[in-house]
Amino acid sequence: TRRLLESCADGFITCVEDLVNLTDQSNDRNRFEVKFSISSMDAEPQDQPQQISPSGSQKEYGSGVSGVKQTTIDGWLQSMHQSVSPEHSMAKLTMRGDENPQAAICRASNTRQLCLQHMGLQQLPESSVNLKGLIQVNLNNNKISSTSMPSHIPMWHSLQFLDISHNPMGQIPHFVQCLVHLESLVARNCNLSRIPVWLCESVSLTELNLSRNRLSSIPQGISKLAKLQGLNCSHNMLERLEATVADLPKLESLELAYNHIRSLPPKIGNMLSLSSLDLRFNSLTSIPASLAK
C-alpha cells in the first residue's frame with residue numbers, strides 16, 4: 001500500500017510539473033520572476049496547498065505517506081519582472097526521509113520568493129539568511145519569536161514583502177528596520193503590544209497589516225509613512241486614533257474594526273485619497289463633521 005501511495009504521489013507531481021511546463025511555453029520568456037517555496041506535508045488538515053493560478057503567482061504541492069516525510073521545493077517562472085534574465089530555469093527539489101531542508105535551500109539559485117509557512121519552525125533556517133536577491137518572504141504560521149531572529153540580515157536588503165503572521169513574535173523583529181525597500185509588512189496575530197517608533201522610518205511601506213494583536217495606540221510618527229496606501233489595525237485594543245493618521249497623503253484604506261475607539265480626529269474626513277474606512281464594532285459616540293461632507 002505504501003509503495004502504491006508513493007507511486008501515485010510521484011505521478012501527481014509529474015502531472016503538475018508538465019502543466020507548468022506547458023504554461024511556461026506560452027509565456028513571454030523575457031518577463032518572469034523566480035519563486036522558491038518550501039511546503040511541509042505535515043501541516044494541519046485544514047491547511048490545503050494553494051492551487052496553480054492562471055498567472056502562476058504561487059504553486060505549492062506535495063504528498064505524504066505513512067512513515068515518509070516529503071517536502072517539495074519549487075522555483076518557477078512568473079511573468080512579472082523584465083529585469084530578470086531568461087537564462088533562469090525552473091528548479092524542483094523533492095526531499096524525503098531525513099534530508100536536511102537547509103541543504104535544499106543552499107542548492108536553490110535565482111530565488112526571489114521564499115515561502116516557509118506551516119513548517120513548525122522555531123527559528124529561521126541558517127541558510128535562508130544567506131539567500132541573495134529575495135523580494136518576498138513568507139514565514140506565516142510557525143513558532144518563531146522575535147528573540148530567535150537575527151538583528152540584521154544584510155542579504156535581504158532587496159526585500160519588498162514580508163509576512164510574519166501567526167507567530168509568537170512579541171514584537172516586530174529588529175532586522176525589519178534595515179529593510180529599506182520593504183513595501184508590505186504583514187504581522188497579523190503576532191502578540192504585538194506596540195508599534196515600534198522606528199517602524200515609522202520605513203518610508204517605502206505602502207501596506208501595513210497589524211491586525212489581531214494587542215495594540216493600544218498608533219505612534220504619532222505614523223505620518224512619516226508618506227507612501228502608505230493601506231493600514232489595517234483591526235481586532236486590536238485601540239482606544240483612540242492619533243490625529244497624525246489623517247496626515248497620511250496616500251492612504252486609501254484604513255481598517256479599524258473591532259477596537260475600542262471612542263473618537264476620531266476632526267480632519268479624518270479631509271483625507272483626499274481615503275476611499276475605504278472600516279470602523280465597525282467600536283465605541284464611537286460621535287462622528288467628525290468632516291466625514292459628513
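The following exchange asks how some labels given to residues of this predicted model are justified.

Me: Why is cysteine 200 called buried or exposed, whichever applies?
Reply: Cysteine 200 has a relative accessible area of 2%, and since buried means under 20%, cysteine 200 is therefore classed as buried.

Me: What makes cysteine 233 fall into its accessibility class?
Reply: The relative accessible area of cysteine 233 is 0%, which is set against the limit of under 20% for a buried residue, so that cysteine 233 counts as buried.

Me: How many disulfides are there, and how do you know?
Reply: A disulfide requires a pair of cysteine sulfur atoms within 2.5 Å, and by this rule the count comes to zero.

Me: Why is asparagine 141 given its accessibility label, and where does asparagine 141 lie?
Reply: With 30% relative accessibility, asparagine 141 is called partly exposed, because that label covers values between the 20% limit for buried and the 50% limit for exposed. Asparagine 141 lies in the loop between β5 (136-138) and β6 (161-163), and has a positive phi of about 60° although it is not a glycine.

Me: What makes histidine 166 buried, exposed or partly exposed?
Reply: Histidine 166 has a relative accessible area of 25%, and because partly exposed lies between the limits of 20% and 50%, histidine 166 is partly exposed. Histidine 166 is placed in the loop between β6 and β7 (184-186), with a positive phi near 55° in a residue other than glycine.

Notes:
Residues are numbered from 1 along each chain as its sequence is written. This is a predicted model: local features need pLDDT of at least 70, side-chain atom pairs count only at pLDDT 80 or more; totals for chains, interfaces and linings use all residues. Side-chain values use heavy atoms; hydrogens and water are left out. Helices (H or I, at least four residues) and strands (E, at least two) are DSSP runs, numbered from the N terminus. Buried means under 20% relative accessible area, exposed over 50%, partly exposed in between (1.4 Å probe, protein chains only).
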